[in-house]
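Grab a pencil and work through the exercises below with the model open beside you. Try each task before you read its solution.

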Amino acid sequence: MAAVHESVLDGIGGTPLFRLARLGADSAAPIYAKAEFLNIGGSVKDRAALSMILAAERDGLLKPGGTIIEATSGNTGIGLTIVGRQRGYRVIVGVSDKSSAEKSDILRAYGAEVVHATTSVPQEDPQHLFNLVRRLEEEIPGAWLANQYDNLANPDAHVRTTGPEIWEQTEGRITHFVAGVGTGGTVTGTGSYLKEASGGAVRVVGADPESSMYGGGDGSPWYVESIGHFLHPETVEDRWPQAYRPEVVDAFERIPDRESLLTARRLAREEGILAGPSSGTAVAAALRVARELGPEDLVVVLLPDSGRSYLSKVHSDAWMRQWGFLEEEGESLRGLLDGGRLVAVDAGATVGEALEALRDAPGGLAPVVLARASRPFGVAAAEVVGSVERAELAAALTDGSAKPGDPLGDPVGGALLGPALPTVGVGQSPAEARAALGEARPGVAVLVDGRVAAVLPRAALAVG
C-alpha cells in the first residue's frame, strides 16, 4: 500500500536502492545506488534543509515571520524553500553563477527570492556569493543564515536518516559507501553512522572532481556542480567546511570531468536513471572501487540529485560539444590542432616576458591566464582573463609606448591586453568556429574537456 503523508515534509527520506546491473556488469561486487533524487525536492539536500530549519527553530535562531537566507549551488536552496515556505518563512536564496538556469527557475517556482553572485573570485571579495548572503543576514530583521557548510545539523541529518536507511536496506551487508563531497555533510554523517554500525568495517570513499582540493587537486575550476572544494588563487585564507570531517573518508577517487559527465549520461541511457553530473562522479568512483572487490562485498553509491536540473548542460548534446566533452564522427576541429603544447601567458607577466612566451605560440596569439592555470593538460576556461598578440607587443616596444618591464596588468601594459578569445569545443565544426570568430577577433580558443587546449588563429580557420 502506498504511503500516505499529511505533508510533503513527511516525504523527505526513505529513498530506495537500485542495483546498477548494467553499468556494474563487469564487477563481481554488486553496486546499489541510493536514489536521493526521489526526495520531494529532487535532491539529498532536502534532508539537511529540514534538519537545519528544525534545529534553528529549537535553538531560537529562527522565529515566526523570520527570513531564511542561504548561499547555494541550488539544491540546498530548493530544500530550504520547500521546508521554509511550508513553515511560513520568507526565503532568499543566493545562487552561484555556475549553477544551471533550471535550478533558479525551480527556486522561484517554489516561492524563493533568488539573487545571483559569483564564486569565481577570492573568498574575501565583497562580490563573492558568501559575502552577499552575509550582508543580507545583517540587513534584514529576523533573518537566519542557514550556512550549510558550517551547520552541524547538516551532517546530523544523515546520521539520523541516510545512514540507518542504507544499513537497514542492505541488512548490514554494505562494505563500501561512495559519495561526493560538497559541504561534506552527506559523506560525514552517513559515513560516520555506517562505520559505527559496522564496527569500523565499512570503507568510505569520497568521489571528487580531479582538480578539487578535497582529493588533492589544485582547487582550479571544474564542470560538475555541487561537489568539490574550489580555491581561487588570490584567496587569502582557505576555509574548509565544519560540516566535513576528513577522518571519516578512507580514500578518494579523483574523477576527470569527462568521465563524470559521460557516466551521468550512461546512467540515463543504460539504467533509466536521469541524474545530475555529481551522480556521474559518484558512480564513476563506485565503478572503480567495485572492480577491485569480490562477490562478498557490497557497494552503495549515493546519487545526490535529478538530471532534470541539468537538461541544458550534461544532458544536452549541444552543451557537451560546446565545452569540448563530446566529439562525434564527422567534421570537427580535431584535425586542425597541431598537438603541440598550449602557450599561455601569465596574467602577472611583464610585456617582455609575454613577448618571449609568444615566440612559440601559433599565429603569435595566446590566452592570458591566472597564475595557477598554466598546466600541461590545459587551462580552465574560467581562468582565462584575456589574450595577447605578438605583433602588438613588438610594435609597442618598437614605438616606445611600452617597456619590457611594464606589467601586462598596469595602465600601459593593460592597453595591450585584449579580451578573452571566443571559445569553441573540439567537437564543433570549423564553420561554427568561424561563426564564433566573427569579423574582428584574432582567433579562437579550443576547449577539450572544458579546458583551453589550443588556440586557432584566423589563418588556421581559412578566414582572411
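**Exercise 1: a small sheet**

In what order do the strands of the open sheet of 3 strands lie? Keep in mind that you are looking at a predicted model.

*Solution.* Step 1: read across the sheet, and you get β11-β12-β14, with mixed pairing. Step 2: look for strands that pair on one side only, and you land on the edge strands, β11 (345-346) and β14 (384-389). Step 3: zoom in on β12 (residues 365-369), which runs antiparallel to β14, the two being joined over 5 bridges. Step 4: pick out one facing pair, and you'll see Val 369 opposite Val 384 of β14.

**Exercise 2: charged pairs**

Find the salt bridge partner of Lys 34, then say where the two residues sit.

*Solution.* Step 1: a side-chain nitrogen has to lie within 4 Å of a carboxyl oxygen for a pair to count. The side chains of Lys 34 and Glu 165 pass that test, with N to O at 2.7 Å. Step 2: place them on the chain. Lys 34 belongs to strand β2 (residues 31-35) and Glu 165 to helix α5 (residues 153-169), so this pair links distant parts of the chain, 131 residues apart. Step 3: check the surroundings, and both Lys 34 and Glu 165 turn out to be buried. Step 4: widen the view, since Lys 34 and Glu 165 also belong to a network of salt bridges with Glu 36 and Arg 47. Over the whole structure, a search finds 20 salt bridges.

**Exercise 3: buried or partly exposed?**

Take the salt bridges Arg 265 with Asp 317 and Glu 327 with Arg 334. Sort the four residues by burial, using under 20% relative accessible area as the cut-off for buried.

*Solution.* Step 1: Arg 265 has a relative accessible area of 7%, so this residue is buried. Step 2: Asp 317 comes out at 31%, so it counts as partly exposed. Step 3: Glu 327 has 31% as well and is partly exposed, and Arg 334, at 40%, is partly exposed too. Step 4: add the distances. The closest N and O atoms are 2.5 Å apart for Arg 265 and Asp 317, and 2.6 Å apart for Glu 327 and Arg 334.

**Exercise 4: helix α7**

Does the span of α7 agree or disagree with its 15 residues?

*Solution.* Step 1: at 1.5 Å a residue, α7 should span 21 Å. Step 2: its end C-alpha atoms lie 20 Å apart, so the span agrees. Step 3: list buried residues of α7, among them Asp 257, Leu 261, Ala 264 and Leu 267. Step 4: ask what covers them, and you find elements including β1 (17-19), β9 (251-255), α8 and α9. Step 5: move just past the helix, where Gly 272 has a positive phi of about 70°.

**Exercise 5: the nonpolar core**

Which residues of the largest nonpolar core touch the most other members?

*Solution.* Step 1: this core has 26 residues, and the best-connected ones are Leu 20, Ile 31, Val 178, Val 283 and Val 301. Step 2: see who contributes. β2, β8 (203-209), α8 (277-291) and β10 (299-303) each give at least two residues, and α8 has the largest share, with 8. Step 3: follow Leu 20, whose contacts include Ile 31, Ala 33, Leu 267, Val 283 and Val 301. Step 4: look elsewhere for another core, separate from this one, with 25 residues including Leu 9, Ala 48, Trp 144 and Ala 153.

Terms used:
Residues numbered from 1 in each chain as written. Predicted model: local features only at pLDDT ≥ 70, side-chain atom pairs only at ≥ 80, totals over all residues. Heavy atoms only, no water. Helix = DSSP H or I, 4+ residues; strand = E, 2+ residues; numbered from the N terminus. Buried < 20%, exposed > 50% of the residue type's maximum accessible area, 1.4 Å probe, protein only. Pairing = 2+ DSSP bridges. Core = buried A, V, L, I, M, F, W, Y, C linked by side-chain atoms within 4.5 Å. Contact = heavy atoms within 4.5 Å. Expected span 1.5 Å × (residues − 1). Lists of a residue's contacts leave out its neighbours within four places in sequence.
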